[in-house]
Amino acid sequence: MLTSEQIGEIRTAYREAANPKKQIGILADLYCTTKQEIRKVLGLPETSKKERRSYGAEEKEKVVKAVVKEGLSHRAAAKRCGVPRGNVAAWVAAEEKRGERQ
């Protein structure tokens with residue numbers, strides 16, 4: 001349990017930190033507590049890792065077809081199919097590379 005004095009020190013150190021994100025870990029180590037506890041003291045939201053989603057061959061094929069055959073932009077194909085634009089670019093590039101090998 002952190003004292004009110006420690007809480008004040010934590011808040012001050014965080015406010016004055018050159019790299020606030022890194023400071024959370026430093027403060028957790030310094031005060032022998034968790035990063036979650038430090039975030040709670042600072043009134044910051046809890047971190048939540050994004051849930052990773054995997055896509056099947058059919059979904060990838062549908063996206064690539066939308067770009068290559070229908071002429072959609074990567075952005076439009078991503079929006080239509082509900083996938084990240086980076087994935088679209090990677091899948092299209094991989095398909096083009098496969099086409100060059102054949």
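Is Leu44 buried, partly exposed or exposed? In the predicted model described here, Leu44 has a relative accessibility of 25% and therefore counts as partly exposed, since the class of buried residues is reserved for values under 20% and that of exposed residues for values over 50%. Leu44 is placed in the loop between helix 3 and helix 4, the latter covering residues 57–68. When its neighbours within four places in sequence are left aside, Leu44 is in contact with Tyr14, Ile24 and Arg39. One of these partners, Ile24, belongs to the buried residues of helix 2.

The chain as a whole may be considered next. The protein chain contains 6 helices and 0 strands, and the order of its elements, read from the N terminus, is α-α-α-α-α-α. The average pLDDT of the protein chain is 91, and 95% of the residues reach a score of at least 70. Among the elements, the highest mean pLDDT, 96, is found for helix 1 (residues 4–16), whereas the lowest, 90, is found for helix 6 (residues 85–101).

The overall dimensions were examined in two ways. The radius of gyration of the protein chain is 23 Å, while a compact globule of 102 residues would have a value near 13 Å. Along the principal axes, the C-alpha trace extends over about 65 × 25 × 20 Å. Of the 102 residues in the protein chain, 25% are buried, and the area that the chain exposes comes to about 8200 Å², of which carbon and sulfur atoms supply 49%. Where contacts between residues at least 6 apart in sequence are considered, 35% of them join residues at least 24 apart. The protein chain carries 22 positive and 14 negative charges, and the mean positions of these two groups lie 5 Å apart.

Attention then turns to helix 2, which spans residues 20–30 and includes Gln23. The buried residues of this helix are Gln23, Ile24, Gly25, Leu27 and Ala28, and they pack against helix 1 and against helix 3, which comprises residues 35–42. Gln23 has a relative accessible area of 15% and is therefore classed as buried, given that the cut-off for this class is under 20%. With residues up to four places away in sequence not counted, Gln23 touches Ala13, Tyr14 and Ala17. Tyr14 is also listed among the contacts of Leu44.

Just after helix 2, the backbone shows a feature that deserves separate mention. Most residues other than glycine have a negative phi. Cys32, although it is not a glycine, has a positive phi of about 50°. This residue, Cys32, is found in the loop between helix 2 and helix 3, and with a relative accessibility of 71% it counts as exposed, because values over 50% fall into that class.

Helix 4 and helix 6 provide further examples of individual environments. Lys60, which is found in helix 4, has a relative accessibility of 34% and so counts as partly exposed. Leaving aside neighbours within four places in sequence, Lys60 is in contact with Tyr55 and Trp91. Lys60 and Leu72 are 12 residues apart in sequence, and the distance between them in space, taken from C-alpha to C-alpha, is 14 Å.

In helix 6, the surroundings of Val92 and Gly99 were described separately. Val92 is placed in helix 6 and, at 3% relative accessibility, counts as buried, because this value is under 20%. Apart from residues up to four places away in sequence, Val92 touches Val64, Val67, Val68 and His74. His74 is 18 residues away from Val92 along the chain, and the C-alpha atoms of the two are separated by 8.7 Å. Gly99 is likewise found in helix 6, but with a relative accessibility of 45% Gly99 counts as partly exposed. The C-alpha atoms of Gly99 and Ala76, which are 23 residues apart along the chain, are separated by 23 Å.

Conventions. Residues numbered from 1 in each chain as written. Predicted model: local features only at pLDDT ≥ 70, side-chain atom pairs only at ≥ 80, totals over all residues. Heavy atoms only, no water. Helix = DSSP H or I, 4+ residues; strand = E, 2+ residues; numbered from the N terminus. Buried < 20%, exposed > 50% of the residue type's maximum accessible area, 1.4 Å probe, protein only. Contact = heavy atoms within 4.5 Å. pLDDT = per-residue confidence, 0-100. Rg over C-alpha atoms; globule rule 2.2 N^0.38 Å. Areas by Shrake-Rupley, 256 points an atom, 1.4 Å probe, with all protein chains shown as cover. Lys, Arg positive; Asp, Glu negative; His and termini not counted. Charge placed at Lys NZ, Arg CZ, Asp CG, Glu CD.
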